Amino acid sequence: MKQGTLKKTRLVDWLRSAGAGQTVYVPVRRGTDAVFAPLQDGVEPLLDFDNTVLSVKSLFFPQCEVLLTFRKERLDAAPEPAGPFVVFGVRPCDARALFCLDKLFGEFGQSRDPYYLARRENSAVISLACAKACHTCFCASVGGDPADRTGADILASDLGEDLLLEAVTPNGEAFLDAGGGLLSPPTEEQAARRDNAVQSARDGLTKFDLTDLKKRLDSSFDSGLWAAVSEVCRGCGLCTYLCPTCHCFDITDEKKGARGRRVRTWDSCQYALFTLHASGHNPRASRKERMRQRLLHKFQYTVDNVGEVFCVGCGRCVANCPVNLDIREALKKLTTQR
Ligand code: SF4
Ligand code: SF4
């Protein structure tokens, strides 16, 4: 597939020219955090950051979205299909999470999600390879890599003064062609520099062996380990809200007079109300049961249903849990203990 190098000083020009007519999102600094924001005059895309607070998932599966509006119980309007957009600077773990969601909301899901799929079809994802590992990430233990191409249209690698851009999909090739005037062919020395940077990120990653995890989980439902791995959890749901693969949602109808709208909002399996029945019965009444659901959903049910582990090792849940509950420790326990 096509490749090219781009002077970093021309990044904004390249994004504007190749993404003409589209909204271009880039990582920017907000306070101490990195977040995705539209590229506007005066905005400098961040290139040196660990990862964004919220993953790119929220551009494809927003935290809150109107599915339709209605008047007197009849459909009034369905939302316009999403306009084309480009997102630059997605970390490879988060692009891989999109690949997982593509399967779930698309080919293997119980029903296709037209809202998510329209956004995926009308967009281009440009990943930015990791040149260093954060102390909380573990992508290599769950099938990823600091330069993983999965889920991306283009992979960008930082070479110091330049970026090496490699198309991954035909969509990515078309994007490289559209901004081709600013690109130069990569030299062998630049390709070697990229390989060295990726290797150094790989070397810095936390790695642990999860080969036996799925087999263990298949017979783990009544294990005493669930109490141990959920003991300190406060049930705040933060881990699920930050996770790039978590996809639970609630749908509510909001009415005022004869008019109303149907709204989808993220929800969390870590909340007691999530599974509370109208009868008062709750099949997951305890934190232990809710933590078991979270981990089995990611490492057993989705493997059985769509063929993918739904954890990409981004480390957000590790870095942000208010009680320092570390999923890596939980996974090690579940893999090695009875
Ligand atoms: S962030 Fe930590 S405390 Fe909150 S629900 Fe997740 S594991 Fe539990
Ligand atoms: S479970 Fe934690 S480490 Fe895994 S993808 Fe979700 S937030 Fe990232």
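1. In this predicted model, the cavities come first. The structure holds 5 cavities of 30 Å³ or more. The largest cavity has a volume of about 130 Å³.

2. The lining of the largest cavity comprises 15 residues, and those closest to its centre are C233, C239, R294, C321 and L325. Two helices, α9 (238-242) and α10 (287-306), each supply at least two residues of this lining. By class, the lining has 11 nonpolar, 2 polar and 2 charged residues.

3. What takes up the space of the largest cavity? That space is taken by ligand 1. The residues surrounding ligand 1 include the run C233, R234, G235, C236, G237, L238 and C239. The others around ligand 1 are M291, C321, P322, V323 and L325.

4. The shell around ligand 1 may also be described by class: 9 of its residues are nonpolar, 2 are polar and 1 is charged. The polar residues are G235 and G237, because Gly counts as polar. The charged residue is R234, because Arg counts as charged.

5. Ligand 2 has a shell of its own. Among the residues surrounding ligand 2 are F138, C243, P244, R294, K298 and I327. The shell of ligand 2 also includes C311, V312, G313, C314, G315 and C317.

6. By class, the shell around ligand 2 has 8 nonpolar, 2 polar and 2 charged residues. R294 and K298 are the charged residues here, because Arg and Lys count as charged. R294 deserves a second look: this residue surrounds ligand 2 together with others, and R294 is also one of the residues closest to the centre of the largest cavity.

Definitions and conventions: Residues numbered from 1 in each chain as written. Chains lettered and ligands numbered in written order. Predicted model: local features only at pLDDT ≥ 70, side-chain atom pairs only at ≥ 80, totals over all residues. Heavy atoms only, no water. Near = heavy atom within 4 Å. 1 Å grid on protein atoms, 1.4 Å probe; cavity = no way out; pocket = protein on both sides within 12 Å on 5 of 7 lines; lining within 4 Å. Sits in = over half its atoms within 2 Å of the grid points. Points joined across faces, edges and corners; volume = space filled by probe spheres on them. Helix = DSSP H or I, 4+ residues; strand = E, 2+ residues; numbered from the N terminus.
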